[in-house]
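Dear colleague,

I am passing on the structure we spoke about, together with some notes on what I found in it. Please look through it before reading further.

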Amino acid sequence: MDTVHMTLDEVHALTRKVLTKHGCDDANATAIADNITGAERDTATSHGVFRLPGHVTSLANGKVNGKAKPTCERLSPGVVKVDSDGGFTPLAFQVGKQALIDAARENGIAVLAITRTFHFAALWPETSALAEEGLVALAVTSSPPYVAAAGGKKPFFGTNPMAFAWPRKEGPPMAFDQAAAAMARGEIMIHARDGHEVPDGVGIDADGNPTNDPDAILKGAQLTFGGYKGSAIALMIDLLAGPLIGEAFSAEAGRADNGDGGPALGGEFIIAIDPKRLGAGDSYLDHAEQLFAEMTEQPGVRLPGDRRLKARAVTPSEGVHVPKSLHEKITELAEG
Ligand code: NDP
């Protein structure tokens, strides 16, 4: 595949230019560009510039508010709420982050409920940012219904990702981030774009038959990982990011959506825990390091997130390679 080399600064500048050209104000464009550039830096390509045309579509058709002014409210000592004002999530998280950190440090545990938001990104940026502050964090969000519930043939759940991060004694946090779907939709789209089949168990066609054809799955339904067990995780995420915080669950969000292929209006639910307040003394970091060391002693075992962190060590100096066709598309978008 032909690619174009870009530095991370170029990725950030081009992303900001595209977003401001298509209706974002400076605060929203910068927050989204930070998020997309972070994904490119970690070679999390399914949520890098690959997502920019989708952002533009949802801005252009008026679904997403590019000039959103998220507001933050402390509902109780341990509950912070951010109304995202119908914008993309990165700015809403920025607006609520410090209040969540303060609440977690005061109470030992706190929740951030982000409502009226469009989550079109990976979740590890949120949990990692909290773990960088010494907190343990869990985040979930629902998405438009693309995934069949166990036993079903039609989409019901979103791909419903869940991210968790743990602060390390040295260096960036350990962070995993995974969809409840067997494969993230962005990955299936990339397989379709590149003409590759997907593995068994990723999805079913519109008649409910198992298939390896990514295009057929995009028209049919995705499957959860681990059969009914993944379906239960997807259900939990729908509840936490939906009814618990007064937001739509995936199927409802899908019905209210304009079907432009972008995210649907919904919620994100984040828990932050201050490990210093859990009575384990000061040993938790060393104790966790021991766990990580024993776990990765076995050949073939690595920590989740290590692939991203390896990429992060290289891309700031070496840059990234973006598919040429995608680069052309976003360059056109930047010109208007
Ligand atoms: P992957 O299956 O690629 O990876 C899931 C996790 O497993 C990652 O933390 C990954 O770490 C880790 N991992 C992978 N291989 C191994 C291994 N061999 N040993 C240990 N850990 C491993 O992610 P998904 O496809 O499920 O999700 C991709 C992204 O899509 C996520 O960032 C998710 O948030 C996002 N998404 C967003 C949605 C939204 O609505 N906003 C909806 C659905 C998904 P590593 O990165 O280091 O490989």
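How many nonpolar, polar and charged residues does the shell around the ligand have? Sorted by class, that shell has eight nonpolar, six polar and five charged residues; please bear in mind throughout that this is a predicted model.

In total, 19 residues surround the ligand, and the closest are A121, D177, A179, R302 and G305. Three polar approaches involve oxygen atoms of the ligand: a polar side-chain atom of D177 lies 2.5 Å from one oxygen atom, a polar backbone atom of A179 is 2.8 Å from an oxygen atom, and a backbone N or O atom of L123 lies 3.3 Å from an oxygen atom. The ligand on its own would expose 920 Å², of which the protein buries 73%. Two elements, strand 9 (174-179) and helix 11 (306-318), each give two or more residues to the shell, and strand 9 gives the most, with four residues.

I also looked at helix 2, which runs over residues 26-41. Because each residue should add 1.5 Å, its 16 residues are expected to span 22 Å, and the end C-alpha atoms are indeed 22 Å apart, in agreement with that expectation. Among the buried residues of helix 2 are N28, A29, I32, N35, I36, A39 and E40. After helix 2 comes T43, which has a positive phi, near 45°.

With best wishes

How values were computed:
Residues are numbered from 1 along each chain as its sequence is written. This is a predicted model: local features need pLDDT of at least 70, side-chain atom pairs count only at pLDDT 80 or more; totals for chains, interfaces and linings use all residues. Side-chain values use heavy atoms; hydrogens and water are left out. A residue is near a molecule or strand if one of its heavy atoms lies within 4 Å of it. A polar contact is a pair of N or O atoms within 3.5 Å; within protein, one must be able to donate a hydrogen and the other to accept it, and residues adjacent in sequence count only if both atoms are side-chain atoms. Accessible areas come from the Shrake-Rupley method with a 1.4 Å probe; for residues, only the protein chains shown count as cover. Ala, Val, Leu, Ile, Met, Phe, Trp, Tyr, Cys and Pro count as nonpolar, Asp, Glu, Lys and Arg as charged, and the others, Gly among them, as polar. The expected span of a helix is 1.5 Å times one less than its number of residues. Buried means under 20% relative accessible area, exposed over 50%, partly exposed in between (1.4 Å probe, protein chains only).
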